[in-house]
Amino acid sequence: MDHAAPDAASDPYAWLEAVDGDRAMAWVRERNAETLSGLASTPGFAATRDAIREVLDSPDKIPDASLVGDRLYNLWRDAEHPRGLWRRTTWESYRTASPDWEVVLDLDALNAAEGEDWVWHGATVLRPDHRRALVALSHGGSDADVTRELDLVERTWVTPPGGFYRPEAKGGLAWVDQDTVLVTTDLGPGTTTTSGYPRTVRLWRRGTPLAEAEEIFAAHEDDLAVDAWHDPTPGFSRELVRRAIDFYSSELHLRRPDGTLARVDVPLSAETSVHREWLLIQLREPWTVAGAAHATGSLLATPLEDWLAGRRELTVVFVPTATTSLAGLTWTRHHLVMTVLEDVRSQVHVLTPPEPARASVPWPAEALPGQEDLVTTTARSVDRIESDAVWLVSTGFTTPTTLSVQEVGAPTGPEALKSAPAFFDARGVTVAQHFAESADGTQIPYFLVRGRDAPTDGTAPTLLYGYGGFEISLLPSYSGTLGRAWLADGGVYALANIRGGGEYGPAWHQAALREHRHRAYQDFAAVAQDLVRRGVTSPEHLGVQGGSNGGLLTGNVLTQYPDLVGAVVIQVPLADMRRYSHLLAGASWMAEYGDPDDPEDWEFIRTFSPYHLLDATQDYPPVLVTTSTRDDRVHPGHARKLAAWLRDHGKDVTYYENVEGGHGGAADNGQAAFMAALAYRFLARRLA
């Protein structure tokens, strides 16, 4: 829900917040035309765009798959199918070099038949017969989507009144059984939170109107959102409801057979999950329970029913150190598989809980062998209900991605299934990890990738990328796009692991929350300065890039550290931090940034609001600002207003707004290649 902030009326660019307003869209079209005739028409642009598109459309890239029954499903995009094919094959066929795929849904054909612009948002399949799927489709890539029921045998839509159909809104459907779903969606006044997400969970039975679905839970209007799902595990069938109070506070509720809800009594800041008998509790804050103290970042386990009955015995599964953190976990039928980071380098561990389930019993653990340094390996279950197999994905800056499957506990090692091709010549490209000292003395890790033939005299064009928010970690990964468009031409790439991210667990994130936000920007500046100190580059040859919260980061580099860099790329950004909580999903991020309508909070928020830090007397480096008209998460008004101010005050700014794409900025590979080429060619021209 959009409200008028106190100073909105005095904002000379407030009219640009009208997403589809005639005046705003006329301004967008003018800026886009300037960029198309300017940057997008410069020598080398088309070649860069086409090289990126070739990577994205490559028939040799790995077809990522999910097991559904006895079939592996994949969403595939290429030049002939820009919106994608949802398709399936057998295990035997998938193991071959050229699997035989059966197309279940052709999105491009669907768009042509319906005159729509659908973008794939995923599907969930009903167990145990795997005949029906709930398919989510988005207009142009927006977060809001529709859900439609698909018969996977006949490959036809099951339409109302007999089929499930959820109109366009933020939310979703989740199977309970063939004739029942859990629904979270916008059903009119009172059914969404102030952040624009669903606030009610309803049980919807086939053949009845959606408006008559039984409400089983309602969050508060000023909560963030609700979510609900059904656990189909035989012997453990249950519905679960999560009330998200804010981004970092939530409650998990178990719905009993009689319809009552039992809240899982753990700290609101803890992340909880359930598998068979087990409740996992991952701590974001210290917690003392039953006389035992547990540190931030710890992972604890206990039998769920024991916990609900009031018993408070816990098994300590993982305890972080000063250099380690828990980056991810996935269950198989009998095992818990964890990805652990040590100084931002990954290691996969397998733990085995006791059977029958009981607390205070150690879980034997072992590391999966064969993992390379500076190559990120992550694990996810193949089928946590019935299988002990995990997918293993390994990727590094110069190591093309490989996909393997490992039967946990088997005497043999991983079975390599697929390997992505090398999209650029990595001979002579070096990778190293360094640490920069931030303003308060904290050591900030970053990865440095020197392109082939990159100069070593301080003139190397260098791209520094960062994010620094929402406990998201940036890890080494292979990018054919980066390799072709930047490294192959002698560019240098640096990836900064600044505070605000999750590289060292919750404490690393919390160190840059709210009034401490400046630490993320100081960390990023410290890495930039370290690159210069090491002689890698110099300010006039150093560019920075970031999107979303990373766009807020690079917006602050522009306004607070303009002398450190020679060019700035700001993508789908937050920029007006006075208005952000009143625009689209902005209210959901107040736990990260603070409440600008609270005078005390605004006093620190204003110190990192790029739109309010702009100074007409300041010389700024050249800046590229991009966004999407269909971004219904971070309002395009942020990017528009920032660019409009810079342009009207005579600063060097290039602007482009994709009319599709949602928060990802692009709805298909063609759009993605164009948007990426804008950034790389802008940086190449400005930093050369």
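Is serine 269 buried or exposed? Select serine 269 and see: at a relative accessible area of 10%, the residue is buried (buried means under 20% relative accessible area, exposed over 50%, partly exposed in between, with a 1.4 Å probe and protein chains only).

Before going further, note that this is a predicted model, where local features need pLDDT of at least 70, side-chain atom pairs count only at pLDDT 80 or more, and totals for chains, interfaces and linings use all residues. Residues are numbered from 1 along each chain as its sequence is written, and side-chain values use heavy atoms, with hydrogens and water left out.

**Stop 1: around serine 269**

Stay on serine 269, which sits in the loop between strand 17 and strand 18 (271-275). Helices (H or I, at least four residues) and strands (E, at least two) are DSSP runs, numbered from the N terminus. Now show Tyr248, Arg284 and Glu285: serine 269 touches these, not counting residues up to four places away in sequence (contact means heavy atoms within 4.5 Å). For a distance check, draw a line from serine 269 to arginine 519: they are 250 residues apart in sequence and 22 Å apart in space, C-alpha to C-alpha.

**Stop 2: the sheet with strand 17**

Next, pick out strands 14 to 17, an open sheet of four strands in the order 14-15-16-17 with antiparallel pairing. Two strands pair if DSSP finds at least two bridges between them. Strand 14 (225-231) and strand 17 (261-263) are the edges; each has a single partner strand, so one side of each has no neighbour in the sheet. Going from one strand to the next, the twist averages 25° (axes are lines fitted to C-alpha atoms, for helices over the stretch in contact, and angles run from 0 to 180 degrees between N-to-C directions).

Zoom in on the middle of that order. Strand 15 (residues 238-246) and strand 16 (residues 249-255) run antiparallel and are joined by seven bridges. To find the register, select leucine 240 and look across to leucine 254 in strand 16.

**Stop 3: another four-stranded sheet**

Jump back along the chain to strands 1 to 4. Here is an open sheet of four strands, ordered 1-2-3-4, again with antiparallel pairing. Its edge strands are strand 1 (66-68) and strand 4 (102-106), each pairing on one side only. The twist averages 35° from one strand to the next. Strand 3 (residues 81-89) is held to strand 4 by four bridges, and tryptophan 86 has leucine 105 as its bridge partner in strand 4.

While you're here, click on leucine 67 in strand 1. This leucine is buried, at 19% relative accessible area. Leaving aside neighbours within four places in sequence, leucine 67 is in contact with Leu72, Trp91, Val382 and Asp383.

**Stop 4: a hairpin and its next strand**

Now select strand 29 and strand 30, a hairpin with five residues between the two strands. Strand 29 (residues 389-396) and strand 30 (residues 402-407) are antiparallel, with six bridges, and tryptophan 391 stands opposite valine 405 in strand 30. Add strand 31 (residues 415-419): four bridges join strand 30 to this antiparallel strand. There, threonine 402 faces serine 419 in strand 31.

**Stop 5: two loop residues**

Where is histidine 335? Look in the loop between strand 24 (324-331) and strand 25 (336-342). Histidine 335 counts as buried at 12% relative accessibility. Show side chains and you'll find a polar contact of 2.9 Å between histidine 335 and threonine 352 (a pair of N or O atoms within 3.5 Å; within protein, one must be able to donate a hydrogen and the other to accept it, and residues adjacent in sequence count only if both atoms are side-chain atoms).

Then go to asparagine 497, in the loop between strand 35 (492-496) and helix 7 (506-510). Asparagine 497 is buried, with 0% relative accessible area. Its side chain makes a polar contact of 3.2 Å with the side chain of glutamate 503. Beyond four places in sequence, the contacts of asparagine 497 include Val344, Tyr446, Phe447 and Trp508.

**Stop 6: helix 8 against helix 9**

Finish with helix 8 (residues 518-533) and helix 9 (residues 549-560), which pack at about 70° with axes 10 Å apart. That makes the helix 8 and helix 9 pair roughly perpendicular (angles under 35 degrees count as roughly parallel, over 145 as roughly antiparallel, 65 to 115 as roughly perpendicular and the rest as oblique). Show Ala520, Tyr521 and Phe524 of helix 8, then Leu552, Leu553, Asn556, Val557 and Gln560 of helix 9, to see the contact. These residues divide into six nonpolar, two polar and no charged (Ala, Val, Leu, Ile, Met, Phe, Trp, Tyr, Cys and Pro count as nonpolar, Asp, Glu, Lys and Arg as charged, and the others, Gly among them, as polar).
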